[in-house]
There are 2 protein chains.
Amino acid sequence: MTAKPDVPALKQMFHALGLRGTGARIAVYRALAAAEKPLTHAEVSELLKDAGFDNASIFRNLNDLTDVGLVVRSDLGDHVWRFELRGSGKQNHREQHPHFLCTDCGDVACLPDGAISVRKVKGAPKALSSGTVIVQVQGLCDVCSV
Amino acid sequence: MTAKPDVPALKQMFHALGLRGTGARIAVYRALAAAEKPLTHAEVSELLKDAGFDNASIFRNLNDLTDVGLVVRSDLGDHVWRFELRGSGKQNHREQHPHFLCTDCGDVACLPDGAISVRKVKGAPKALSSGTVIVQVQGLCDVCSV
DNA sequence: AGGCTAAATGCAATTGCATTGCATTTGCTA
DNA sequence: TAGCAAATGCAATGCAATTGCATTTAGCCT
């Protein structure tokens, strides 16, 4: 779960995508890999602040990784961008799964794929039936609903 | 569908909620009532620009209406705030329904309540089983998926 | 009906985050 | 290892959301 890919493997992966294997890039990737939920730009910056990377570099790296498809950028409904690794096989993050956002405390949880099912309905976009949709759920988490 | 509540009724409703029945407020409310999908602040401003209302007033009214619960403010996943009337009975907007956001053109559609079903899963927040959740769906709309 | 008071408005200014420009540094390749 | 384009750091910019404040106005109270 918290297993981080080793640096040479990361460099190779980046290189295959036309990106250099820089320290900031690797650090950003590993921060996301170690996280169990999507992280905001601020959270990534916080995690890496000891390493001294510039805020803009982290931001650009997040976007670069998103551009090449390694990372997914999404807004879970609270007007905050969050970044998450697009799962690659045995990672803890599968291809795509629903997210749950607590409307009170803002906490985020990843839901199992089976938690949500989409049904094709008359008049609805065809994408619903092909399953190529991203689902986000908002509500009160168990802590805040007490 | 495009039927707008008459002004006296609106004033009465606002008054009951501790809000005055001002021109800007009524105009904003009716703009939302006439829309068939959530509108952005910019879209509301655009609709009302002929009336000469200030941008800030529209913004504050949207927030005021949200504060008293007449309007729901949500971010459908594209980092843009959208405002929608919270349905009151026979309105075209029911209590709460899922929204569909096209990830390509940004168009928004309202989905029928039955399009999405949520299943309680081990480890997931309890809110899922009580049905008190808001669901958002992203994907390609029929136009963009061609 | 007239006046009063706080809410609402208009306008300008400010905030805060996202994003960019540019000179410098640094991977990577030949 | 020399050279070049990508990446970085820092500061500056852009832009939408939000606020401050003086003025106007709706609704209440005689």
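Guide: Two strands pair if DSSP finds at least two bridges between them. Keep that cut-off in mind. In S7(B), B:Gln138 is the bridge partner of A:Ile134. The model here is a predicted one.

Visitor: What makes S7(A) and strand S7 of chain B a pair?

Guide: Count the bridges. The cut-off is at least two. S7(A) is joined to S7(B), residues 134–139, by 5 bridges. The cut-off is met, and the two strands run antiparallel.

Visitor: How do you know that S6(A) and strand S6 of chain B pair?

Guide: Use the test again: at least two bridges. S6(A) and S6(B), residues 116–118, have 3 bridges, in the antiparallel sense. Within this pairing, A:Ser117 stands opposite B:Ser117.

Visitor: What holds paired strands of a sheet to each other?

Guide: Strands of a sheet pair through backbone hydrogen bonds, either parallel or antiparallel.

Visitor: In what order do the 6 strands of the open sheet stand?

Guide: The order is S5(A)-S4(A)-S7(A)-S7(B)-S4(B)-S5(B), with mixed pairing. Neighbouring strands of this sheet are turned by 20° against each other on average, direction ignored.

Visitor: Why are S5 of chain A and S5 of chain B said to stand at the edges?

Guide: Look at their partners. S5(A) and S5(B), each residues 108–110, have a single partner strand apiece, so one side of each has no neighbour in the sheet.

Visitor: How many residues of chain A are in contact with chain B?

Guide: The test is C-beta atoms within 7 Å. By that test, 34 residues of chain A contact 34 residues of chain B. Strands S2, S6 and S7 and helix H5 of chain A each supply at least two residues to that side. S7(A) gives the most, 6 residues. By class, the side has 19 nonpolar, 10 polar and 5 charged residues.

Visitor: How do you know that the copies meet through the same surface?

Guide: Compare the interface residues. 100% of those in chain A are also interface residues in chain B, so the copies use the same surface.

Visitor: What turn lays chain A on chain B?

Guide: A turn of 180°, with a shift of 0.0 Å along the axis, gives an RMSD of 0.1 Å. That is the relation of a two-fold axis.

Visitor: Which residues are closest to DNA strand C?

Guide: They are A:Gly21, A:Ala56, B:Ala24, B:Asp54 and B:Ser57, out of 21 residues that surround the strand. A residue counts as near if its C-beta atom lies within 6 Å. H1 and H4 of chain A and H2 and H4 of chain B each give two or more residues to this surface. H4(B) has the largest share, 4 residues. The surface divides into 7 nonpolar, 7 polar and 7 charged residues.

Visitor: Why does B:Val7 count as exposed or buried?

Guide: Exposed means 12 or fewer C-beta neighbours within 10 Å. B:Val7 has 12, so this residue counts as exposed. B:Val7 is found in helix H1 of chain B, residues 7–16. The C-alpha atoms of B:Val7 and B:Val135 are separated by 33 Å.

Visitor: How many helices and strands are in chain A, and what pattern do they follow?

Guide: Chain A has 5 helices and 7 strands. Along the sequence the pattern reads α-α-β-α-α-β-β-β-β-β-α-β.

Visitor: What share of the residues in chain A is buried?

Guide: Buried requires 20 or more other C-beta atoms within 10 Å. Of the 146 residues in chain A, 29% are buried.

Notes:
Residues are numbered from 1 along each chain as its sequence is written. Chains are lettered from A and ligands numbered from 1 in the order in which they are written. This is a predicted model: local features need pLDDT of at least 70, side-chain atom pairs count only at pLDDT 80 or more; totals for chains, interfaces and linings use all residues. Two residues are in contact if their C-beta atoms, placed from the backbone, lie within 7 Å. Ala, Val, Leu, Ile, Met, Phe, Trp, Tyr, Cys and Pro count as nonpolar, Asp, Glu, Lys and Arg as charged, and the others, Gly among them, as polar. Copies are superposed by least squares on the C-alpha atoms of residues with pLDDT of at least 70 in both. Axes are lines fitted to C-alpha atoms, for helices over the stretch in contact, and angles run from 0 to 180 degrees between N-to-C directions.
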